[in-house]
Amino acid sequence: MNRELNLVIAGLSGQGIVMAGKMLTTALVADGKKVIISDSLALTHRNAPTSTQIRVGEDVASLMIGEGQADLVVAFEATEGLKAGLVYARQDGLVILNDRVLRRRASAAQPKAGDSDASPITKILQGFERAGIRDVRVFPGSDVAQNEVGRLLTLNMVMLGATVATDMIPVRLATVEQVIQELSPRGTGEVNVAAFKAGVKRFKEQSRTEGERPGRELSTATETPRGS
Amino acid sequence: MVGDTKTAKTTTDVEQYAAPTFMKYSSPDIAKDAAGETVLLSGNEALARGCIEAGVRVATCYPGSPMHYTLHNLVEAARIYPSMHVEWSVNEKCAFEVALGATLTGVRAMTTFKNVGLDVALNAVVCSALDFSPDGLVLIVNDDPDMSATQVAEDIRALAIYSSIPVLEPSTMQEAKDFTAAAFELSEKLHLPVLVRAMYRHGYAREPVVLGRIQHEVRERTPHYRAEQLSHPQIEGHGLHSGPSRWAHAHFHGEVPPPQSQLAKGWATREEAEKAAECFEGNKLTISGQSRVGVISSGLAYRETMEALKNLGWPEEVATLKLAITYPLPRGLIERLLHETETVLVVEEIEPIIENQVRSISAGMDSHAEILGKLTADVPFSGELASHQIGPALAKLIGQEYGAPASAERMRQRQEILQSSVPGGGVGGQCPGCPGPAAAYALKNVSEQLGMADDMRFFSYDGCCGGVPTGERAPGLCMGAGINLAAGLYHAGLKGKQVVLSGDSNFFHGCMSGLVEAVYNKSDVLFYVMDNRTTAMTGHQPHPGGFGITAAGDLTKTLDIAEIARACQADFVATVDPYDQEQISEALKQALTTKGVSVVVSQRTCAVVAQRQKGAADALIFDVRSQVNRDKCLSWAVEMSPCEAACPAHIDVEAYVRAIAKGRFKEALQIVRENNPFASVCGRVCHHPCETDCKRGKLDEPLAINHLKRFVADYEFSNGLEKPTPVPRTREGRVAIVGSGPAGLTAAYHLVNRGYGVTVFEASDVAGGMLTVGIPEFILPQKMVQAEIGHIRDLGVEIKTGVAVGKDLTLDSIWKQGYKAIFIGVGACTSKELGVPGEDSPGVLHGVTFLRDVNLGNEVKLGKRVAVIGGGDVAIDAARCAVRLGCEVSILYRRSRAEMPARDEEIETVEAEGVRIEYLVTPAEILSQNGRVAGLKCTRMELGEPDASGRRQPIPVQGSEFEMDVDTVIPAIGQSPDLSLLAEGSGIETTDAGTLIVDPTTLATTRPGVFAGGDVRTGPATVIEAIADGNKAAASIDGYLRGEDPVEGRGGEAAALPVTGADTLPQGTLARERQRVLELPADKRIRSFDEVKLGFTEQEAIAEARRCLRCKICRRCVEDFACVAIVTEDGHPTVDQNMCAGCKVCIQVCPYGNIEEVEAGK
């Protein structure tokens, strides 16, 4: 049986999603995995919806993850997380949300009649609950980047740490760290590796506090007599 | 070559700008000699690597997503191999022609752009193939089925076929590299350009790729001009067609007779191309003995087909043919598949290019295979193909079910949740500090101030500035089109200065000839270039107007857009800084008022580049931030705008005016109706204290609020009233309303909306009270009144006419019928007596009675000469009716014009209609003769000391008596309520003036459960005051029936409320004339009862609504200035400190100076 893993990373332009995806994919290749990645870019360089889709498995052919097919959705911004999660997450998939919510442009933020007073993140969680997607973890990625690592720009590395810390990605920590060193621009290797490690650590701690989740059975594809 | 002329880089700005910041999809390792190594490559990298391995010498590109990253990679290669020339071309035609020119020397060249780029270069592309038969020329073009980065989902293969250019379609990244390298070989073999069709998604996807050998020897070929390839046969005269195209074309199709053919060595032939297609290595047929169904696909569609087949468990019956070359088709492989299967499904992106060729092959052979695809609706034309679209079609063919991986129902539910949980839109927009919105705001502001905004149309084609000023995307068509489209509008005779928005790169790309066209042919346009000094949206590629560097990072000249415009002799040219709103506004004012071609260059470096130039990527451009002063900002600090406060019913005028300004008329009416069910009535008869207090009045003239209200009501009326659905009864108690005037019906309207059962008792045979019987048709047409009453009735209010409480019913009997509360709104309909002799003569008609009879069409006996006594609305209205009935009319008023209760406007109107007003005159006796009025004895008056009402008391002048020759007298000196409904011991107390005593806050009478309002409380007053009482009473009755404290929280209902903070005028607001409504001319209107005032047109209403100064919810910063950092908190503007770039434009935008500079981090 071939294991297949579908991962979506979502957030906003300027958050380093493309770089995080490229690093993780490079590490997977280095660890001998068959992998494809496809980015969806925003039209502007800052604060517009951006995502990337990573598929690992011997038989993956399409560059796109089907609706409701992602085993893991990682969001660098929570509202984008809700959007990506509702479209892509499997019913039993895991969703990791950075707890920051970008304030939307004023004209769009007119409260609608019947809006509850719930905070944005609570509303987002309610959205997942209504969709019956239960495994949603709120993760303080920005907080770790800003206060533990000392640079908010390392958010993508912190979130990458959380992603790898789920143990769902068939990649070795050391490989990822090495790739981060190699691909980090302009001498940011050290701080990026530190941020990655901080992300791994915080996610593991949080998982322990919240109770160890049961071993995750990855989706399987039928064995195939021929390749693509 | 270029390498020799490389100059040292000097300035820091350029260095920062040229630094390799494009690492996402390009890599410095792309050109390394590492054959056999497996690396992760994006499509862009793979395509570039293919070029590098093939030894490309010249590579050109105009930026367009995603193909420009291919060139970024070649820039990296050129750093290592200096013989390479890599350039950002000015446009695609330049790019293609430069590459074509290079191949004439025997080196390999490549040009790349997106689908629409091929359109720009098409003229040269079409001619190149057969005229030049170039060797080693490759075009890499991407199609974009989802239109992710283009305005059209065209299929470039159609254009390639049209140009006789072979097309290769890679599927994987490995193929992207391999096919590109092979394309150069193929081009040299066939003497044709070869096109590699990548898809948009290829550009930004990555896969492991095995690298190949770099053909250094090919790259380092010595260029020599290959004239023989171009030496076309020329046969002159004798009627023979001379010219190269004919021979090349004939030769291509194998039709050139000898001896010409010998001249055509090195030219392309179709036969060679078809042969090459047959044996092109990437084609792959997988077929077995069990195959019944064949699938033909290419590119990414092939990957989706494989995904679908995987989900179907790799069915044995399906054979697959993957096409690497899709023009010409490998005929042999297609024929074999058609022979060996029963059904063939063609799966391809966008147009049925393969499908049509397969159908044509099938038609020429003995095949019975059924061909399915787009033309049979088995594969969609539009959008990016996905496995879930192909799977079901395949499954059907082999009799299987295609199990959807996720239930469609569940995904639909999720979509619904998504719609309701995510704040709509709102993200994206420009980056913080972007100069675009600042430039756009200035244009919007200036054009509105000059009153030119309504006649402006925008054309735009540019990534980062597209559509900002209008809030919606301006039509673009294609790059460079805007200025010509605008000129077309002008030459067609359309009014107004047309505005063309362009970016800087777009200017060089396609606008310069349009600029010359506009100047030469004398068009009237504003050409507004938003110059951020880089091709920003596609990733900050340099261009001729940028920092003076080339793709390779060499220093070059910088071309100044304004200088070019001056050289083109534009009528007005200025370069301005959008961060300086005063400067840019001044330039725009001049530009907009200069006839002819104005060019304004708004120049400021893209904020993202500015950040990079400053150093670390997270450094912001400036060290300051903006913040909204919440103590002063109108939105935070002002509770009510002056108009809303002045209105007795406190209608949210600003909100409905804003809705009108945006053309949302229905929404505006909804807002009026929250506090007033009589928009149409009020819009005609209200005395509009809102306009008196309107802040705009301090500047020029108040907003025409009343006419706006009337407009939205009329708009609904003339567009077909939607009958409202009755409100379901959700409350126990039933409420009785006595009197169907504005007070009673307003109370009924709110109570029925709150779920109560409501019955209105009306003594008269018609509902509406004074609205129906007291206001003449030419002021308030009855159809409008009846429409609004009908609306209230349709909501579920029961109106019983002809039931006089006090006669047919008593208050006690109403209680006994089970009503839980009563509202008395019987008005003030009893005319006051003059108290002079002769008042009972025939020929004396009291004002309200007269108006009532006229309105109801009853017989009215008027003489020839009428004297109306009084100075209020009833007197004026009665006089105007009498004029229309053919009488000579005078109004007698005992004080002077200054004290007259009628408004100036009314006095002017009545005088224009020929009514004479006698001031300081009072009747002393009505004379009669033969049982009819025969004259009026009057006394002249003079003004004494002010009385209790503050008005000066009239005092008779001794010996001033005189007689007037009149035959009809209409006293209209006031009315009082008819309180005959109050039986003895009703428990309801009255004032000396004959009105009811009620609590001023709750309108409760002295009897529990009985409330009263309108004229019965106040004496004769205005419609809006009656409506305000209706609002108040409904709230009180609701509270009473719920058993709540009726007084608590009612402070906001006082008739006039204090207003704070709304008195300053916004800076820079120019006077703008109030829109006038048309009126019937006086000589016409006195001959009929037709409505005198004609109301606003849609356009006038919007123009008038835009005069509103927005005293409460100013929101200029959030609505007019599209800065991403200005967000709202509880609906009020605030600056998100994490986003603010410190450009300080919003500080200049706020007309009240309520956005302030703060230190970063505070």
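Q: How many of the 12 residues of H4(B) are buried?
A: The model is predicted. In it, helix H4 of chain B covers residues 92-103. The buried residues include B:Phe96, B:Ala99 and B:Leu100. H4(B) is mostly covered, and the count of buried residues is 9.

Q: Which strands and which helix of chain B are included in what covers the buried residues of H4(B)?
A: B:Glu92, B:Lys93 and B:Cys94 are among the buried residues of this helix. The elements that cover such residues of H4(B) include helix H5 (115-132) and the strands E2 (58-61), E4 (109-114) and E5 (137-143) of chain B.

Q: Which strands stand at the edges of the open sheet of chain B, each with a single partner strand?
A: The sheet has 7 strands with mixed pairing, in the order E3-E2-E4-E5-E7-E6-E12. A strand with a single partner has one side without a neighbour in the sheet, so the edges are strand E3 (85-88) and strand E12 (325-327).

Q: What is the bridge partner of B:Thr60 in E3(B)?
A: E2(B) and E3(B) run parallel and are joined by 4 bridges. In E3(B), B:Thr60 has as its bridge partner B:Glu87.

Q: Which helix of chain B gives the most to the largest nonpolar core?
A: The largest nonpolar core has 211 residues, and B:Val712, B:Ala748 and B:Phe823 are among those with the most contacts inside it. With 10 residues, the helix that gives the most to this core is H38 (residues 1023-1042).

Q: How many residues are in the second, separate core?
A: This core includes B:Val75, B:Ala99, B:Val194 and B:Ala277. B:Ala99 is also one of the buried residues in H4(B). The number of residues in the second core is 196.

Key. Residues numbered from 1 in each chain as written. Chains lettered and ligands numbered in written order. Predicted model: local features only at pLDDT ≥ 70, side-chain atom pairs only at ≥ 80, totals over all residues. Core = buried A, V, L, I, M, F, W, Y, C linked by C-beta atoms within 7 Å. Buried ≥ 20, exposed ≤ 12 C-beta atoms within 10 Å, placed from the backbone. Helix = DSSP H or I, 4+ residues; strand = E, 2+ residues; numbered from the N terminus. Expected span 1.5 Å × (residues − 1). Contact = placed C-beta atoms within 7 Å. Pairing = 2+ DSSP bridges.
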